[in-house]
Amino acid sequence: MSMTIESLIQESHQTAKSKGWWDDPDRNVGELLALIHSEVSEALEVYRVKGKDSISENWFDEKGKPEGFTVELADVIIRIADLCGEFELDLEESLTTKLSYNQTRPYRHGNKKA
Ligand SMILES: [Mg+2]
């Protein structure tokens, strides 16, 4: 499967729309960011339960739903892509800009501790 940032955004948003997640006109950016954060929390919960040695393991639950640490990371990205699709945000441009800028930053960004 070949995937681009743009195809990720289009598929994520089309699927979300087709499943009714954009039927509510009151959906707002704050709620969408909270949902992105909820997927980060799900990844944390997998890590808490399974531990570091198992974060590469994925499985299917009894209903056939994919589960696992990287599945939750995928959910984070899918939700970000869905948001970008709705508001026609150029995520690829921002990724390119920020990755390039990060290369110019000083070691530990000027001796920050964490
Ligand atoms: Mg999830």
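## A tour from the α3–α4 loop to the magnesium ion

Select Leu89 to begin: with a relative accessible area of 41%, this residue is partly exposed, and it lies in the loop between α3 and α4. The model on the screen is a predicted one, which is worth keeping in mind at each stop.

Now add Val29, Leu33 and Phe87 to the selection, and show the surface. Together with Leu89, these residues form a nonpolar patch there, with about 330 Å² of accessible area in total.

Stay in the loop for one more residue and pick Glu88, which is also placed between α3 and α4. Glu88 counts as exposed, at 74% relative accessibility, and its phi is positive, about 55 degrees, although the residue is not a glycine. In general, most residues other than glycine have a negative phi.

From the patch, keep Phe87 and select Trp22 as well, since the structure holds one aromatic pair. The ring centres of Trp22 and Phe87 are 6.3 Å apart and the ring planes stand at 80 degrees, so the pair is edge-to-face. Trp22 belongs to the loop between α1 (5-18) and α2 (29-50), while Phe87 is in the loop between α3 (69-86) and α4 (91-104), so the pair ties together parts that are 65 residues apart in sequence. Trp22 counts as buried at 14% relative accessibility, whereas Phe87, at 37%, counts as partly exposed.

Trp22 has another partner to display, Arg27, whose charged end sits over the ring of Trp22, 4.7 Å from its centre. For a second arrangement of this kind, move to Lys50 and Trp59: the charged end of Lys50 sits over the ring of Trp59, at 4.6 Å from the ring centre.

Next, select the magnesium ion. Which residues coordinate the magnesium ion? They are Glu39, Glu42 and Glu72, each through OE, and Asp75 through OD, at 2.0 to 2.2 Å. Along the sequence, these donor residues follow the spacing E-x2-E-x29-E-x2-D. Glu72 and Asp75 are three residues apart in helix α3, and are therefore separated by about one helical turn. Of these two, Glu72 counts as buried at 5% relative accessibility, while Asp75, at 24%, counts as partly exposed.

For the last stop, go to Arg108, which is placed in helix α5 (residues 108-111). Arg108 is a residue other than glycine with a positive phi, near 50 degrees, and at 42% relative accessibility Arg108 counts as partly exposed.

How values were computed: Residues are numbered from 1 along each chain as its sequence is written. This is a predicted model: local features need pLDDT of at least 70, side-chain atom pairs count only at pLDDT 80 or more; totals for chains, interfaces and linings use all residues. Side-chain values use heavy atoms; hydrogens and water are left out. Rings of Phe, Tyr and Trp (its six-membered ring) pair if their centres lie within 6.5 Å; planes under 30 degrees apart count as stacked, over 60 as edge-to-face and the rest as tilted. Helices (H or I, at least four residues) and strands (E, at least two) are DSSP runs, numbered from the N terminus. Buried means under 20% relative accessible area, exposed over 50%, partly exposed in between (1.4 Å probe, protein chains only). A charge sits over a ring if NZ of Lys or CZ of Arg is within 6 Å of the ring centre and within 35 degrees of the ring normal. Patches are made of residues with over 30% relative accessible area and no salt bridge: like charges are joined within 9 Å, nonpolar side chains (Val, Leu, Ile, Met, Phe, Trp, Tyr) within 5 Å. Accessible areas come from the Shrake-Rupley method with a 1.4 Å probe; for residues, only the protein chains shown count as cover. A salt bridge is a side-chain nitrogen of Lys or Arg within 4 Å of a carboxyl oxygen of Asp or Glu. Donors are N, O and S atoms within 2.8 Å of the metal (3.2 Å for Na, K and Ca); water is not among the atoms, so sites may look incomplete.
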